[in-house]
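Got the viewer open? Let's take a short walk, one selection at a time.

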Amino acid sequence: MIDPKLKTLLCVIKEGSYTKAADVLALSQPAVSYHVRQLEDELGIKIFYRNQKKLTLTPEGEVLIKFARRLEAISDSARRALSDVKQQLRHFTVGITPSCGEALIGRVFSSYCGAHPHTNISIVTDTMDQLCDRLGSYELDFAIVDGSVSLKHCHTELLDLDYLCVVMSPKHPLARRTAITLEELKAESLILRREDAGTRRLFESSLTGHMENIRNFDVRLEMDNINAIKELVAANLGVTIIAHSACREEAADGRLVALPVEGMRMVREINVVYQDDFNHPEVLEEIRRIYQGFRP
């Protein structure tokens with residue numbers, strides 16, 4: 001359904017060269033180059049800067065790629081939807097941010113699929129910015145994200161309220177405390193999410209409100225994988241700042257200890273985001289009901 005020339009261009013971008021794209025597409029390199037030239041002639045633009053060692057998109061090329069990816073996602077969704085109709089199936093691709101509580105969300109979707117055996121749900125985990133991009137290009141049917149979202153042509157509904165806390169091993173000297181101060185936190189080795197993570201942004205903005213800066217803290221390690229962070233913390237190799245929902249189970253069974261920071265109220269929203277033309281509101285309503293049933 002998508003123009004083959006656009007598919008060729010997207011493959012060139014993905015592979016980083018005409019030669020590699022030709023191998024993937026089982027085409028000759030001249031054929032790949034011809035497809036790109038045809039697009040340039042049809043649209044009256046230059047897609048790549050010339051005379052550079054690596055492929056670099058022009059501003060016009062960046063715009064074209066953005067819409068080509070959107071067309072590809074819509075084409076793939078249409079094919080999948082038609083196939084689902086033939087097989088009497090429903091398929092949803094859902095994005096979630098890592099700190100939304102993957103275990104809880106997984107149980108929610110598993111419960112939904114158990115009640116609807118002809119439904120298949122694919123879960124994509126990524127940063128909020130990446131999920132918003134995918135949602136805008138129709139690669140996702142809806143997303144569950146931590147934090148506030150404002151997207152054109154998208155609707156946002158509050159699913160839950162969560163908060164950030166300091167998480168440590170039960171072997172940590174402060175584990176028996178009921179709270180920790182910012183000064184005490186400065187003395188700890190921190191294992192944090194990367195700077196583009198929603199929880200990291202919320203923590204840093206909260207520090208600003210208390211006339212503090214992340215540079216005043218001992219950040220030893222930054223990583224994206226929430227489970228890996230929790231494993232390191234459980235081994236008493238540092239402490240972290242994550243959403244309470246992301247460590248609720250471990251805190252309940254004593255594998256981790258979650259403490260508030262004195263004087264800091266780091267509350268965040270968990271929202272469901274979907275395109276205005278998403279036509280299955282009953283699915284979102286049932287998922288919301290199941291989520292509330294699982295929530296302690």
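Which residue follows α2, and what is its phi? Select alanine 26: it comes after α2, and its phi is positive, near 60°. Before going on, know that this is a predicted model, where local features need pLDDT of at least 70 and side-chain atom pairs count only at pLDDT 80 or more, while totals for chains, interfaces and linings use all residues. Residues are numbered from 1 along each chain as its sequence is written, and side-chain values use heavy atoms, with hydrogens and water left out.

**Stop one: α2**

Now select residues 18-25, which make up helix α2. Helices here are DSSP runs of H or I with at least four residues, strands are runs of E with at least two, and both are numbered from the N terminus. Tyr18, Ala21 and Ala22 are the buried ones to colour; buried means under 20% relative accessible area, exposed over 50%, and partly exposed in between (1.4 Å probe, protein chains only). Those three sit on the same side of α2 because they cover an arc of only 105° around the axis, taken from the directions from the helix axis to the C-beta atoms. Flip to the face turned away from the buried side and you'll find exposed Asp23 and Val24.

At the start of α2, show serine 17: one of its side-chain oxygens comes within 3.0 Å of the backbone nitrogen of lysine 20.

**Stop two: the cover**

Add α1 (4-15) and α3 (29-43), which are included in what covers the buried residues of α2. α1 and α3 pack at about 115°, with axes 9 Å apart; axes are lines fitted to C-alpha atoms, for helices over the stretch in contact, and angles run from 0 to 180 degrees between N-to-C directions. For the side of α1 that meets α3, pick residues including Leu6, Leu9 and Val12; on α3, the partners include Val36 and Leu39. Contact means heavy atoms within 4.5 Å.

**Stop three: aspartate 141**

Jump to the loop between α6 (128-136) and β3 (142-146), where aspartate 141 lies. Aspartate 141 counts as buried at 19% relative accessibility. Its side chain reaches the backbone nitrogen of threonine 93 at 2.7 Å. Beyond neighbours within four places in sequence, aspartate 141 touches residues including Arg80, His91, Tyr274 and Phe278.

**Last stop: the cysteines**

How many disulfides does a search of the whole structure find? Zero, with a disulfide being a pair of cysteine sulfur atoms within 2.5 Å. Select cysteine 165: its closest cysteine sulfur, in cysteine 247, is 4.2 Å away, too far for a bond. Cysteine 165 is buried, at 1% relative accessible area.

Terms used. A polar contact is a pair of N or O atoms within 3.5 Å; within protein, one must be able to donate a hydrogen and the other to accept it, and residues adjacent in sequence count only if both atoms are side-chain atoms.
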